[in-house]
Amino acid sequence: MTADAISQQLCVTCGLCCNGVIFRDVELRASDDLARLKTLGLPIKKTGKKIRFAQPCAALECSLCKIYAERPSYCREFECVLLRSTIEGNTEPAAALRIIRTTQKRAAKVIRLLRELGDENEHLSLSKRFKQVTKQFDTGHLTGESAGVYGDLTIAVHELNLILSSAFYPGSES
Ligand code: SF4
Ligand code: SF4
């Protein structure tokens, strides 16, 4: 199978590097056409010296990039560890797909628990949502039954981070 065919098979099923599970945002570079990317719907912001847009990405639709042909340079260059390993023949495509599905299930569990705690900020990355809920817990806003759910959430986030950092992106952190 060619690298393109493997990428098609895995990435179309996955979307984890675009949907706010692995990354909080994407940094743009001097070579990117900012005006054009804004026109295409990316909510680009300048923070300090960096220009970025937040994830979950506004251009993502059902694990597909709506602006694929014109996507930013970082997006073009990014390959997660799992994709690279599959392209190099060190991981079978079927095994890679199983890892993707397991990760999606773990992310779905984190989202379910966040919702149970009243967090419905679906437009934010999982790491930001978890941070916000943790702040509520630390300031005593979560008590009783919610504290138990928060405990389950911390375990679910830990399990998600384990698979993200081992299989996808060593620097990832939800
Ligand atoms: S995380 Fe990896 S497999 Fe998933 S969409 Fe991104 S590059 Fe593809
Ligand atoms: S622009 Fe496309 S490839 Fe880049 S983060 Fe958004 S959906 Fe993913």
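**A loop with a cis proline, and the surroundings of two ligands**

Pro56 is found in the loop that runs between strand E3 (50-54) and strand E4 (60-61). In this predicted model, the peptide bond joining Gln55 and Pro56 is cis, with omega at about 5°. Gln55 also belongs to the surroundings of ligand 2, so this residue takes us from the backbone to a binding shell later in the passage.

A little further along come two residues with a backbone angle worth a look. Cys62 and Ser63 are both placed in the loop between E4 and strand E5 (64-65). Cys62 is not a glycine, yet its phi is positive, at about 50°. Ser63, likewise a residue other than glycine, has a positive phi near 65°. How exposed are these two residues? Cys62 has a relative accessible area of 73% and counts as exposed, because exposed means over 50%. Ser63 has a relative accessibility of 24% and counts as partly exposed.

Stepping back to the whole protein chain, the secondary structure amounts to 7 helices and 5 strands. Followed along the sequence, these elements appear in the pattern α-β-α-β-β-β-β-α-α-α-α-α. What radius of gyration does the chain have? The value is 17 Å, which agrees with the figure near 16 Å for a compact globule of 174 residues. Along the principal axes, the C-alpha atoms fill a box of roughly 50 × 40 × 25 Å. Buried residues make up 36% of the 174 in the chain. Contacts also reach across the sequence: among those between residues at least 6 apart, 65% join residues at least 24 apart.

The model also holds ligands, and two of them can be described through their neighbours. Around ligand 1 stand Cys11, Cys14, Gly15, Cys17, Ile22, Cys80, Leu83 and Phe168. By class, this shell has 7 nonpolar residues, 1 polar residue and no charged ones. The space that ligand 1 takes up is the largest pocket.

Ligand 2 has its own set of neighbours, namely Cys18, Gln55, Cys57, Leu60, Cys65, Ile67, Pro72 and Cys75. Here the shell divides into 7 nonpolar residues, 1 polar residue and no charged ones. Which pocket does ligand 2 sit in? Ligand 2, too, is located in the largest pocket. The list of its neighbours leads back to the opening of this passage, including as it does Gln55, the residue joined to Pro56 by the cis peptide bond.

Terms used: Residues numbered from 1 in each chain as written. Chains lettered and ligands numbered in written order. Predicted model: local features only at pLDDT ≥ 70, side-chain atom pairs only at ≥ 80, totals over all residues. Heavy atoms only, no water. Near = heavy atom within 4 Å. 1 Å grid on protein atoms, 1.4 Å probe; cavity = no way out; pocket = protein on both sides within 12 Å on 5 of 7 lines; lining within 4 Å. Sits in = over half its atoms within 2 Å of the grid points. Nonpolar A, V, L, I, M, F, W, Y, C, P; charged D, E, K, R; others polar. Helix = DSSP H or I, 4+ residues; strand = E, 2+ residues; numbered from the N terminus. Rg over C-alpha atoms; globule rule 2.2 N^0.38 Å. Buried < 20%, exposed > 50% of the residue type's maximum accessible area, 1.4 Å probe, protein only. Contact = heavy atoms within 4.5 Å.
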